[in-house]
Amino acid sequence: MAKLYFKYGAMGSSKSAQALIAKYNYEERGMKVWLIKPMTDTRDGANIIKSRIGLSAVAEEISSADNIKERFSCHRDCDVIIGDECQFFTPQQIDQLRDIVDEMNVPVMCFGLRTDFVTKLFPGSMRLFEVADSITEIKTICECGAKAIVNARMDDNGKIVTAGDQICIGGNDRYIAMCHKCWKKRIAEQK
């Protein structure tokens, strides 16, 4: 029986690497993977999923207006759907992935962030927490050694940003994974 999986973690926790490793494992067994990502994520190229350790693959882009269930009609022969940066999918698109699992018995593995730079859930992630069969945290650590849960957004001067649009695409140049205690401490020190 197929399941909807959500594997989440803070920035730098190897989510993309794990998505690409899962893709490799399925393909090594002769299975077909539909690799998808939201168009919102343009950091490594429009249709590229790339990990910090150098793994990369071409993925099919999904716009916020796309119906993933309808797009799936061209991929009905796939054995699994793997999505990266799934926090950027709309709640409706998460429901469409849920429908594919339920109606077509195809497993769906979603990788992404839980929260934004001010610790608020992304709408896509919120919906995954509500409807996923399996939820797994991919852990990473703060510079103090504690578990990192905050995706601290940094400005050009190395100061933590606490206001702005929820979505600001970036990698190590823009975000640092931190524990909540260190995040609050640095914000207080900046004032």
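The dialogue below works through several features of a predicted model and how each of them is read.

User: What should be kept in mind about numbering and confidence in this predicted model?

Analyst: Residues are numbered from 1 along each chain as its sequence is written, and side-chain values use heavy atoms, with hydrogens and water left out. As the model is predicted, local features need pLDDT of at least 70 and side-chain atom pairs count only at pLDDT 80 or more, whereas totals for chains, interfaces and linings use all residues.

User: How many aromatic pairs does the structure hold?

Analyst: Rings of Phe, Tyr and Trp (its six-membered ring) pair if their centres lie within 6.5 Å, and planes under 30 degrees apart count as stacked, over 60 as edge-to-face and the rest as tilted. The structure holds five such aromatic pairs. One of them joins phenylalanine 6 and tyrosine 8 in a tilted arrangement, with 5.7 Å centre to centre and 35° between the planes. Phenylalanine 6 also pairs with phenylalanine 129, here edge-to-face, at 5.3 Å centre to centre and with 80° between the planes. This second pair links distant parts of the chain, 123 residues apart, with phenylalanine 6 in strand β1 (residues 4-8) and phenylalanine 129 in helix α4 (residues 123-131); helices (H or I, at least four residues) and strands (E, at least two) are DSSP runs, numbered from the N terminus. Ring pairs thus link Phe6, Tyr8 and Phe129 into a cluster.

User: Why does phenylalanine 6 count as buried, and why is phenylalanine 129 called partly exposed?

Analyst: Buried means under 20% relative accessible area, exposed over 50%, and partly exposed in between (1.4 Å probe, protein chains only). Phenylalanine 6 counts as buried because its relative accessibility is 0%, while phenylalanine 129 is partly exposed because its relative accessible area is 29%. Tyrosine 8 is buried, as is phenylalanine 6.

User: Where is serine 63 placed, and which residues is it in contact with?

Analyst: Serine 63 lies in the loop between β5 (60-62) and α2 (68-72), and counts as buried because its relative accessibility is 16%. Contact means heavy atoms within 4.5 Å; leaving aside neighbours within four places in sequence, serine 63 is in contact with Met39 and Gln93. Gln93 is itself one of the buried residues of α3.

User: Why does the span of helix α3 agree with what is expected?

Analyst: The expected span of a helix is 1.5 Å times one less than its number of residues. The 14 residues of helix α3 (residues 91-104) should therefore span 20 Å, and the end C-alpha atoms are 20 Å apart, which agrees. After α3 comes asparagine 105, with a positive phi near 55°, a residue in the loop between α3 and β7 (108-112) that counts as partly exposed because its relative accessibility is 47%.

User: Which residues line the largest cavity?

Analyst: Rolling a probe the size of a water molecule over the atoms shows where empty space is left. On a 1 Å grid over the protein atoms alone, a cavity is a set of points where a 1.4 Å probe fits but cannot get out, and lining residues have an atom within 4 Å of a point. A search of the whole structure finds one cavity of 30 Å³ or more, and about 50 Å³ of space lies in the largest cavity. Tyr8, Gly9, Ala10, Arg114, Thr115, Glu137, Ala148, Ile149 and Asn151 line the largest cavity, and Tyr8 also belongs to the ring cluster with Phe6 and Phe129.

Key
1 Å grid on protein atoms, 1.4 Å probe; cavity = no way out; pocket = protein on both sides within 12 Å on 5 of 7 lines; lining within 4 Å. Points joined across faces, edges and corners; volume = space filled by probe spheres on them.
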